Amino acid sequence: MKVGLVDDRFIDLDKLNGIIAGIPELEIVFSTQSAEEAYEHIKKEAVDVLIADIEMPNLSGYELADVIHSHALNISVIFVTGSSGYAVHAFELNVHDYIMKPYSKERLIKSIERLKEKSKSAEIAGRLYLKQKNDIHILQKKDIIFIERSGRSTTIYTKSGSIKTYLTLNELEGELRERDFIRSHRSFIINIHYVKNFSLYAKNSYIVTFEGLDAQAMITKEKVDFLQQHYF
């Protein structure tokens, strides 16, 4: 589990480093006193957990969490703060925990352990089971790039190849309730994390291109507007 730490007070950041470094299976990816620097790390590096103070100069920890939430990034947030005034708003952003300073080492470790258990459960739930005659294909949902319905069959494009199924898009849409996936068009479901570009195709539709894939999908103008408003 990769962890990012940010607190503008050195003594508090040093405490976080000491506790997190002593927890097995955790790797500190970055540790900084600047929320702006933390934001740059988040954009470039894979991070599973962000542990952040809230009230910091310029960019706050709350604003960092808001970016993570609005961009549907798969990063859990733990606030470690001296202010109780953000608690209600923080949980609206689906943060994992809200820890008040001063806190004990055991309090933070317990929060991390709960997050580990939650991640294991999510990993199991994050699989798609496809029955095909005598075979059952098990796909990690996070590896699905997009899905296309053509005629009576459906093609699921993944990072490792494509698989055909007779499940409808409506059936698959019911299985893919994660924020990552949207029904971009009557014939397509896309994973927004792999989108590279939208190119105007017609008055009310765009062609979608993806990272590391030649195959393309379609998206309506209405859905592009929705993405711009709620995701980007």
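**Notebook: the five-stranded sheet and its chain**

I began with strand β8 (residues 144–150) and strand β9 (residues 153–158), and I noted that the two pair in the antiparallel sense over six bridges. This is a predicted model, and I read each entry below with that in mind. At the end of β8 I looked up S150, which stands opposite S153 in β9.

I then asked which strands make up the open sheet and in what order they run. I found five strands, placed in the order β10-β9-β8-β12-β11, with antiparallel pairing. The edges of this sheet are β10 (161–165) and β11 (181–185), each of which pairs on one side only. Going from one strand to the next, I noted a twist that averages 20°. As a reminder to myself, strands of a sheet pair through backbone hydrogen bonds, in either a parallel or an antiparallel sense.

Next I turned to the other neighbour of β8 in the sheet order, which is β12. I recorded three bridges between β8 and β12, again in the antiparallel sense, and within this pair I found E148 opposite F188 of β12.

I stayed with β12 (residues 188–191) and asked which way its side chains point and whether they are buried or exposed. F188 and I190 point one way, while I189 and N191 point the other way, and I found all of them buried. I marked F188 in particular, since this buried residue is the one that stands opposite E148.

From β12 I moved on to the edge strand β11, which pairs with β12 in the antiparallel sense over three bridges. Here I looked up I182 and found that its bridge partner in β12 is I190, a residue that I had already listed as buried. I also checked how many residues the hairpin from β11 to β12 passes through, and I counted two.

Finally I looked at the chain as a whole, to set the sheet in context. The secondary structure comes to seven helices and 15 strands, and the C-alpha trace spans about 60 × 45 × 30 Å along its principal axes. Of the 232 residues, 41% count as buried. For contacts between residues at least 6 apart in sequence, I noted that 48% join residues at least 24 apart. The accessible surface comes to about 13100 Å², and 49% of that area belongs to carbon and sulfur atoms. My last entry concerns charge: the chain has 30 positive and 33 negative charges, and their mean positions are 8 Å apart.

How values were computed: Residues are numbered from 1 along each chain as its sequence is written. This is a predicted model: local features need pLDDT of at least 70, side-chain atom pairs count only at pLDDT 80 or more; totals for chains, interfaces and linings use all residues. Side-chain values use heavy atoms; hydrogens and water are left out. Helices (H or I, at least four residues) and strands (E, at least two) are DSSP runs, numbered from the N terminus. Buried means under 20% relative accessible area, exposed over 50%, partly exposed in between (1.4 Å probe, protein chains only). Contact means heavy atoms within 4.5 Å. Accessible areas come from the Shrake-Rupley method with a 1.4 Å probe; for residues, only the protein chains shown count as cover. Lys and Arg count as positive and Asp and Glu as negative; His and the chain ends are not counted. The place of a charge is taken as NZ of Lys, CZ of Arg, CG of Asp or CD of Glu. Two strands pair if DSSP finds at least two bridges between them. Axes are lines fitted to C-alpha atoms, for helices over the stretch in contact, and angles run from 0 to 180 degrees between N-to-C directions.
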